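Colleague: Please take me through a close look at one part of this model, and then work outward from there. I am new to this, so plain words would help.

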Amino acid sequence: MSKILVIAEHLNGKLNSATSRCVTCANAIKADSIDVLVLADAPEAIAAEAAQIAGVSKVLTIANAANAHALAQVLAPQIAKVAAGYTHVLAPSTTFGKDLLPCVAALLGVAQVSDVMAVEDSHTFKRPIYAGNAIITVKAPADQTVVATVRTASWPTTGNGGSASVEPVAGDAALPTHTRFVELQQGKSDRPDLQSARKVVSGGRALGSSDAFSIIYSLADRMGAAVGASRAAVDAGYVPNELQVGQTGKIISPDLYVAIGISGAIQHLTGIKDAGTIVAINKDGDAPIFEIADYGLVGDLFQIIPELEKSL
Amino acid sequence: MKILVAYKRVVDYNVRIQVRPDGSGVVTEGVKLSANPFDDIALEEALRLRDKGLATEVIVATIGPADCQAHLRNGLAMGANRAIHVVSDEAVQPLTAARVLLKLVEKEQPGIVILGKQAIDDDASQTGQMLATLWGRPQATFASKVEINGETARVTREVDAGLEVLDVDLPAVITTDLRLNEPRFIKLPDIMKAKSKPMETIAIADLGVPAAALLTTTHYAPPAKRSKGVMVKDVAELVAALKSKGLA
């Protein structure tokens with residue numbers, strides 16, 4: 001008897017693959033129906049993309065100029081209205097979902113389950129705590145709406161092939177004007193997106209400068225990989241913050257993760273533990289990264305990386 | 001303007017946590033406790049705003065057992081003017097924490113409430129957003145830069161796509177990301193001074209916070225272990241291994 005509402009994440013008129021991962025999680029709940037809600041200023045193109053995700057029953061849209069940017073306090077009251085009649089409301093555990101969904105939970109007066117990594121039954125979930133060093137099983141009250149964010153690294157995307165109907169709904173909640181979008185400063189990149197890439201090459205403090213980081217970009221391009229970084233590399237200004245991988249950055253699960261000059265602090269490891277194969281290249285043979293690496297190579301990265309690039 | 005800082009005590013970020021063999025919880029006896037790193041950043045930001053003359057008073061508040069007083073003294077030693085200790089022997093979940101903080105907000109009428117973006121123990125990342133919602137005020141989460149301009153704040157937020165800039169009317173709730181600032185170290189004389197700063201103690205039951213139906217944790221488990229890897233001697237061996245797995 002589960003009726004699930006998935007909140008679509010989108011940017012620049014395109015649906016984010018995190019939405020499809022939420023649908024996969026919703027399927028694991030054995031839902032009777034899965035509806036996707038798109039809030040935007042012009043939701044049509046995004047809704048059309050969402051309608052193709054296999055298993056989606058309906059795509060609901062709320063078109064409103066106030067929804068041009070995803071402001072949590074503006075979106076939340078509209079979602080809370082639509083949520084009536086649903087047993088579950090899901091959103092991805094990205095910065096979008098983390099910002100938004102607790103507001104929906106607070107409006108509904110229910111607790112929120114963060115970072116669902118596995119589903120036991122419709123109200124019982126597994127989630128990580130302590131930077132992924134413990135996994136807890138939590139039960140949500142049976143008589144309340146379940147509000148949960150979905151740990152995208154734990155769920156693959158659902159294939160396309162669906163043909164859900166698209167229905168505009170009224171989102172006639174009173175919307176606040178106390179928050180105003182100013183701008184989004186976005187790094188321009190032609191490389192694959194870090195969160196959905198099959199291969200990721202990450203660099204750490206050992207690169208030493210933003211100029212030296214170019215060898216990471218060069219290797220990544222050779223491999224068709226996305227580029228990531230440790231907190232140390234971001235703090236030192238070698239790369240922009242959106243490349244940070246770890247507990248407070250992005251949590252990813254590529255098929256291949258190559259960690260270069262990264263020691264492997266707990267906070268970094270939690271972001272990569274679900275990678276298929278982990279390769280570590282570090283000059284310190286005792287670095288903690290080698291404890292979780294499938295293949296480790298000890299040596300000077302400035303010699304190894306060019307050699308590796310040539311051999312691929 | 002007053003600034004209220006939510007200041008949680010957690011297991012120190014350097015501790016490698018152990019799950020009890022019977023799955024009943026994690027071992028917290030004898031484990032080093034510290035301020036949640038994001039909350040130290042929150043307090044530091046509040047102190048900087050006060051140093052610039054943009055705030056008159058910084059209040060640190062925590063919800064926790066009786067021995068949390070030492071933790072609050074730490075916040076006072078860092079520079080907070082006074083502390084509020086909401087005494088609760090049971091750990092509170094984010095919705096309850098937000099409802100408690102709302103009571104403190106109603107009492108203190110702060111211009112800004114600053115919280116960490118998440119606590120590193122439950123990793124929930126909910127309390128600030130829930131407080132803003134219950135209060136009916138703006139939120140600016142994951143902040144890496146805060147500028148106050150009269151009745152509004154311009155906040156730069158770390159989002160997946162890059163950096164987002166928002167203007168929010170005050171009062172507002174801000175949650176801190178790692179790059180907002182570098183928290184100051186506490187000096188010995190400040191620890192002595194902190195002993196005489198005011199600390200108010202309130203029993204959680206006296207706040208009249210509505211009970212919430214919450215999540216029940218039924219089991220704790222260690223994470224799945226990755227199988228032990230191998231060390232390769234050179235690039236050729238590494239490339240061969242990756243090729244055999246179809247990864248290169």
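Modeller: Happy to! Let us start at B:His85, whose contacts include B:Thr62, B:Gly64, B:Pro65, B:Ala66, B:Cys68, B:Gln69 and B:Leu72, and also B:Glu200, B:Thr201 and B:Ile202, when residues up to four places away in sequence are left out. Please keep in mind throughout that this is a predicted model. B:His85 sits in strand E5 of chain B, which covers residues 82-87. Is B:His85 buried or exposed? Its relative accessibility is 0%, so B:His85 counts as buried.

Chain A offers another strand residue to look at in the same manner. A:Ile4 belongs to strand E1, residues 3-7 of chain A. It is buried too, with a relative accessibility of 0%. Which residues does A:Ile4 touch, beyond those up to four places away in sequence? They are A:Ala26, A:Ile29, A:Ala31, A:Ser33, A:Ile34, A:Asp35, A:Tyr86, A:His88 and A:Leu90. A:Ile4 and A:Ala83 are 79 residues apart along the chain, while their C-alpha atoms are separated by 9.0 Å.

A:Ala83 leads us to a helix, as it is one of the buried residues of H3(A). Helix H3 of chain A runs over residues 72-83, which makes 12 residues. From first C-alpha to last it reaches 15 Å, close to the 16 Å expected at 1.5 Å a residue. Of its 12 residues, 11 are buried, so this helix is mostly covered, where buried means under 20% relative accessible area. Among the buried ones are A:Gln73, A:Val74, A:Leu75, A:Pro77 and A:Ile79. Just after the helix, A:Gly85 takes a positive phi of about 95°.

Two of those helix residues have a partner in a loop. A:Pro176 lies in the loop between strand E12 (165-168) and strand E13 (179-186) of chain A. Leaving aside residues up to four places away in sequence, A:Pro176 touches A:Gln73 and A:Val74. A:Pro176 and A:Gln73 are 103 residues apart along the chain, and their C-alpha atoms are separated by 7.2 Å. A:Pro176 has a relative accessible area of 25%, so it is partly exposed.

The next helix to visit is H4(A). How far apart are its end C-alpha atoms? They are 21 Å apart, which agrees with the 20 Å that its 14 residues should span at 1.5 Å a residue. The rest of the structure largely encloses H4(A), since 12 of its 14 residues are buried. The buried set includes A:Thr95, A:Phe96, A:Lys98, A:Asp99, A:Leu100 and A:Cys103. After the helix comes A:Gly109, with a positive phi near 70°.

A:Cys103 raises a question about bonding. A disulfide is a covalent bond between the sulfur atoms of two cysteines. How many disulfides does a search of the whole structure find? It finds zero over all chains. Why does A:Cys103 have no such bond? Its sulfur is 16 Å from the closest cysteine sulfur, in A:Cys22, which is too far for a bond. A:Cys103 itself is buried, with a relative accessible area of 0%. A:Cys25 has A:Cys22 as its closest cysteine as well, but the two sulfurs are 6.9 Å apart, again too far for a bond. A:Cys25 is buried, with a relative accessible area of 1%.

H4(A) also brings us to the empty space inside the model. The count comes to five cavities of 30 Å³ or more. The largest cavity has a volume of about 300 Å³. It is lined by 25 residues, and nearest its centre lie A:Thr95, A:Thr248, A:Gly249, A:Lys250 and B:Asp160. Helix H4 (95-108) of chain A and strand E8 (152-159) of chain B are the elements that give two or more residues to this lining. By class, the lining of the largest cavity divides into four nonpolar, 11 polar and 10 charged residues.

The second largest cavity holds about 90 Å³ of space. Its lining includes A:Tyr130, A:Gln247 and A:Ile266, together with B:Val11, B:Asp12 and B:Ile120. Here the classes are seven nonpolar, three polar and one charged.

Key:
Residues numbered from 1 in each chain as written. Chains lettered and ligands numbered in written order. Predicted model: local features only at pLDDT ≥ 70, side-chain atom pairs only at ≥ 80, totals over all residues. Heavy atoms only, no water. Disulfide = S-S within 2.5 Å. Buried < 20%, exposed > 50% of the residue type's maximum accessible area, 1.4 Å probe, protein only. 1 Å grid on protein atoms, 1.4 Å probe; cavity = no way out; pocket = protein on both sides within 12 Å on 5 of 7 lines; lining within 4 Å. Points joined across faces, edges and corners; volume = space filled by probe spheres on them. Helix = DSSP H or I, 4+ residues; strand = E, 2+ residues; numbered from the N terminus. Nonpolar A, V, L, I, M, F, W, Y, C, P; charged D, E, K, R; others polar. Expected span 1.5 Å × (residues − 1). Contact = heavy atoms within 4.5 Å.
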